[in-house]
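I opened a new page for this structure today. I wanted the ligand site first, then the empty spaces.

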Amino acid sequence: MSRKVTDKAVANLPVRHVKTVIIGSGFAGLGLAIRLTQQGRNDFLVLERGSDVGGTWRDNTYPGAACDVPSHLYSYSFALNPDWSRSFSKQGEIQQYIQGVAKKYNVLDKHIFDCDVTSARWNSDTSQWEVESTKGSFTADTVVSAVGALCEPALPDIKGITGFEGAVFHSARWNHDADLTGKRVAVIGTGASAIQIVPSIAPMVAHLDVYQRTAPWLLPRMDRPYTRPERLAFKHIPGFQRLSRAAIYAARETQVVGLAKVPALMQAFELIAKAKLRYEVRDRELRAKVTPNFRIGCKRMLISNDYYPALSRDNVDVVTDGVAEVRKNSIVTRDGTEREIDALVVATGFHVTDSPAYNTITGKDGRTLSEVFDDLGQQGYKGSSIANFPNMFFLLGPNVGLGHTSMVYMIESQINYIADALATVDRLGLNTVEVRRDIQDAYNASLRSKLEGSVWNNGGCASWYLDKHGNNTTLWPDFTFEFRRLTKSFDVAAYETSSDNSRNNLKVVTAQ
Ligand code: NAP
């Protein structure tokens, strides 16, 4: 990889000023880097804590890792890939795609890898962000956080887990040196990651205990390899791939009606899931154990054709008694049963609404993002800006998450908005832009009223979509094309602005 040019520069400079710092280079940060480059806005750097682009697709290398959104939609609109080998790509192919795009659009030299941002603090005197990282100090006119919601593994707080003597690792930090062949293994968790891990390792291990706290709903995975004629058609027939992408988009978008507006419609999905469960789990006792007790869609709907068959294997047990304690070589459940194991996989998800990264960002009143979120919950404006954090934008900020379709679509919507914001700041000669609190409050009131009727808030489950106050601060509660419309251009009127260090508030005309 032709990177590291910038590393040398950083080593020689105690503080480096750049116009825009982007933190993180997953689909979001990389996409923005490409857009800025295309616009000739070259005075930016991407600070990435990993040693490569890819974000979650670089980090999640667990066996069976694959996307549950079809690849022709789960890719940048400006970099379609006719060569996807199958309808739902595996992690390796997606990571290769992201690496290829970074190379093709020539943005790797704008990256500083292995660069962990340890703090970002707004300085009101200079109207700049002061950014500290493991690769040096920076000042920036604008910071864009593109760290994503699913990047900080959440380790379960289970008594004794640190004293476990075998291999223990999180699904997103898979230890490839730990050979599980012929071992007794436990997986804690039954979410999107676990249901891919379990069928992948079940055939190789001696015994597998799956610790289930909540049974997930499963739908069929309509996955298949693309034939050669299909791939040739994607490549050579003008418009064919775009048409296929549009069809996938439209089909998925219909789910919004049931998820966000009329949850009763989700019963249709529930019927399919129940039929699948009956067909794939013949053992009545096991079927009762893995039958969910909440409305489908409340948690992310999972797709798999091999999870239930894996649970039905002789060498796999589903344990629902609740983990009480981990000992040196075993797990003890609340009923007192002790099960010996050699390795433990924790597939327990991520710090979504309580990310440790929020402690590292300090806004204009001296409060960190965590402190602001502690008071209000995770609130922002169009997922892209937060009051008290001037000249800071967010890719994948509050309430832009989805359960039904491609996050890349939301990311590209936000890229439109943020790129236009940066252009607007330049065009109007603005020194600072900060979303108005009243506008942010009104926006969140509208989100909350939409979410009130959704299956995520009423489906009878606990999920990572809800924060500690019980508010849904993660999901977008409407059609995604509505979000695209809202973020089409930067609505400067919704922002407090200043120019030349003297604050001249613009008159508010409208806020979308
Ligand atoms: P997750 O959906 O948050 O699932 C975590 C699992 O661990 C849940 O079953 C949870 O149980 C359980 N758990 C958590 N803490 C526990 C504890 N202390 N004791 C026992 N069980 C515990 O995490 P994930 O599976 O890593 O998925 C996270 C998100 O990543 C997904 O929702 C999805 O957005 C994304 N993802 C996507 C794909 C894909 O595209 N195929 C694959 C992987 C991940 P409860 O349900 O009871 O809380």
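These entries record what I looked up, in order.

**Entry 1: the ligand shell.** I am working on a predicted model. I began by listing the residues around the ligand and got 22 of them. The closest are Ala-66, Thr-190, Ser-193, Thr-214 and Lys-299. I then sorted the shell by class: 10 nonpolar, eight polar and four charged residues.

**Entry 2: polar contacts to the ligand.** Which side chains put a polar atom by a ligand oxygen? I noted Ser-193, with a polar side-chain atom 2.7 Å from an oxygen atom of the ligand. Asp-68 has a side-chain N or O atom 2.9 Å from a ligand oxygen. For Arg-300 I wrote down 3.1 Å, again from a polar side-chain atom to an oxygen atom of the ligand. Next I checked the cover. On its own the ligand has 910 Å² of accessible area, and the protein covers 82% of that.

**Entry 3: a salt bridge at the site.** I searched the whole structure for salt bridges and found 28. I picked out the one between the side chains of Arg-300 and Asp-68, at 2.6 Å from N to O. Where do the two partners sit in the chain? Arg-300 is in the loop between helix H10 (284–289) and strand E11 (302–303). Asp-68 is in the loop between helix H3 (56–59) and helix H4 (91–104). The two are 232 residues apart, so I logged the pair as a link between distant parts of the chain. Both partners also appear in my contact list for the ligand, Asp-68 and Arg-300.

**Entry 4: the second largest pocket.** I put its space at about 590 Å³. The second largest pocket has 24 lining residues, and Pro-70, Phe-88, Met-222, Arg-252 and Gln-255 lie nearest its centre. Helices H6 (228–236), H7 (240–253) and H9 (267–280) each give two or more residues to this lining. H7 gives the most, with five. By class I counted 14 nonpolar, five polar and five charged residues in the lining.

**Entry 5: the enclosed space.** How many cavities of 30 Å³ or more are there? I found one. The largest cavity has a volume of about 80 Å³. Its lining includes Leu-376, Gln-378, Asn-399, Arg-448 and Thr-473. Helix H14 (residues 437–452) gives the most to this lining, with four residues. I closed with the classes for the largest cavity: three nonpolar, seven polar and one charged.

Notes: Residues are numbered from 1 along each chain as its sequence is written. This is a predicted model: local features need pLDDT of at least 70, side-chain atom pairs count only at pLDDT 80 or more; totals for chains, interfaces and linings use all residues. Side-chain values use heavy atoms; hydrogens and water are left out. A residue is near a molecule or strand if one of its heavy atoms lies within 4 Å of it. A polar contact is a pair of N or O atoms within 3.5 Å; within protein, one must be able to donate a hydrogen and the other to accept it, and residues adjacent in sequence count only if both atoms are side-chain atoms. Accessible areas come from the Shrake-Rupley method with a 1.4 Å probe; for residues, only the protein chains shown count as cover. Ala, Val, Leu, Ile, Met, Phe, Trp, Tyr, Cys and Pro count as nonpolar, Asp, Glu, Lys and Arg as charged, and the others, Gly among them, as polar. On a 1 Å grid over the protein atoms alone, a cavity is a set of points where a 1.4 Å probe fits but cannot get out, and a pocket is an open set with protein on both sides within 12 Å along at least five of seven lines; lining residues have an atom within 4 Å of a point. Grid points are joined across faces, edges and corners, and a volume is the space filled by probe spheres set on the points. A salt bridge is a side-chain nitrogen of Lys or Arg within 4 Å of a carboxyl oxygen of Asp or Glu.
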